[in-house]
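Hi,

Here is the structure I promised to pass on to you. Please open it beside this email, and I will walk you through what I found.

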Amino acid sequence: MKIEILSPDFFSRPTLGVARELIGKLLVHEENGHRLVGRIVETEAYREDDPACHAWSEVKRRNSKTAAGWRGEVLMGEPGLAYVYLNYGMYWLLNVVTEPAGVGAAVLFRAVEPIEGIEVMRARRAVRKDRELTSGPGKLTVAFGIDDRHHRQPLTEPPLYLAAEVPPPALRVAVSERIGINRGAELPWRFYVPGNPWVSGKRDRKNLNELNDLKDQKDLKDLKDLE
DNA sequence: ACGAGGATGCTCT
DNA sequence: GAGCATCCTCGTG
């Protein structure tokens, strides 16, 4: 499999476009002599002007000097860095920082399809079906061995990085509202591969709107920067 | 098949 | 003390 590591330039762009284009890309972790590879099948965008974004209160407060030690400070940092945080006290969630430095935004990785190193993933995840290995944001970090150690690390170089498959796979991309949030819940900023078994949540979920149908939605204004 | 509830810890009020 | 970008188990039908 021929792959090309994504550079910081890829992430230094409008967040919705990055989130959409990350669908089909690869998440790779090289560790202990083995290589874990997953194809990204579900992402969510979290933008600075978005009440669900962890940079929201900080931006609203117009506190340009972010307090040292604030975990979300990296969101305002260089594109391509990892933002990793503990959610519900138990699960590390992986994001990649987007947009130029100074803008607080990121893309959350919600699901990947196992491609390589599946034995290691099975060993880390005590589940019966392979479909359960990486079909959720907390599941995939366990399967890939991602935790606090990766916070602030660049995802543009080994051992943990994002890459494009050459040639790229032909995948459909669908859009829906984001999962598990209250504020900003109506924004259609979740991207996924319709029908892929590793997409999180219940199967046959509603909202199978194809991306091309977004013209008909009133959120076109927000999605303008997908071009 | 589906829903309710518990585990568990950090952040903000 | 509440809320949280979750996951799993154990009820019930």
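A polar contact is a pair of N or O atoms within 3.5 Å. One example here is P137, where a backbone N or O atom lies 3.1 Å from a phosphate oxygen of DNA strand C. Please keep in mind that this is a predicted model.

**DNA strand C**

Strand C has 21 residues around it, and Y85, N95, R125, G138 and G180 come nearest. Which atom of strand C does the side chain of N95 approach? A polar side-chain atom of N95 lies 2.3 Å from a base nitrogen. A52 uses its backbone instead: a polar backbone atom of A52 is 3.4 Å from a base nitrogen of the strand. Two or more residues each come from β4 (82-87), β5, β6 and α5 to the surface near strand C. By type, that surface divides into 11 nonpolar, 7 polar and 3 charged residues. Of the strand C atoms within 4 Å of the protein, 61% belong to sugar or phosphate, and the rest belong to bases.

**DNA strand B**

Around strand B you will find W70, L86, Y88, G89 and M90. For this strand, sugar and phosphate account for 37% of the atoms that come within 4 Å of the protein. The residues near strand B divide into 4 nonpolar, 1 polar and no charged.

**Helix α5**

Is α5 mostly covered or mostly open? Helix α5 (residues 137-144) is mostly covered, with 6 of its 8 residues buried. Those buried residues are P137, G138, L140, T141, A143 and F144. They pack against the strands β2 (26-31), β3 (34-46), β5 (91-97) and β6 (106-116), and against helix α4 (118-124). So P137 is both buried in the helix and in contact with a phosphate oxygen of strand C. Just after the helix, G145 takes a positive phi of about 70°.

**The nonpolar cores**

In soluble globular proteins, nonpolar side chains tend to be buried together. The largest nonpolar core here holds 41 residues, of which L22, L27 and L162 touch the most other members. Leaving aside residues up to four places away in sequence, L162 touches I5, L6, F11, L26, L27, I40, V96, F109 and L155. Another core, of 14 residues, lies apart from it and includes C53, A55, L75 and Y83.

**How confident is the model?**

Chain A has a mean pLDDT of 88, and 84% of its residues reach 70 or more. Over residues 204-222, however, pLDDT stays under 50.

Happy exploring!

Methods: Residues numbered from 1 in each chain as written. Chains lettered and ligands numbered in written order. Predicted model: local features only at pLDDT ≥ 70, side-chain atom pairs only at ≥ 80, totals over all residues. Heavy atoms only, no water. Core = buried A, V, L, I, M, F, W, Y, C linked by side-chain atoms within 4.5 Å. Buried < 20%, exposed > 50% of the residue type's maximum accessible area, 1.4 Å probe, protein only. Contact = heavy atoms within 4.5 Å. Helix = DSSP H or I, 4+ residues; strand = E, 2+ residues; numbered from the N terminus. Near = heavy atom within 4 Å. Nonpolar A, V, L, I, M, F, W, Y, C, P; charged D, E, K, R; others polar. pLDDT = per-residue confidence, 0-100. Polar contact = N/O pair within 3.5 Å; in protein donor to acceptor, adjacent residues only side chain to side chain.
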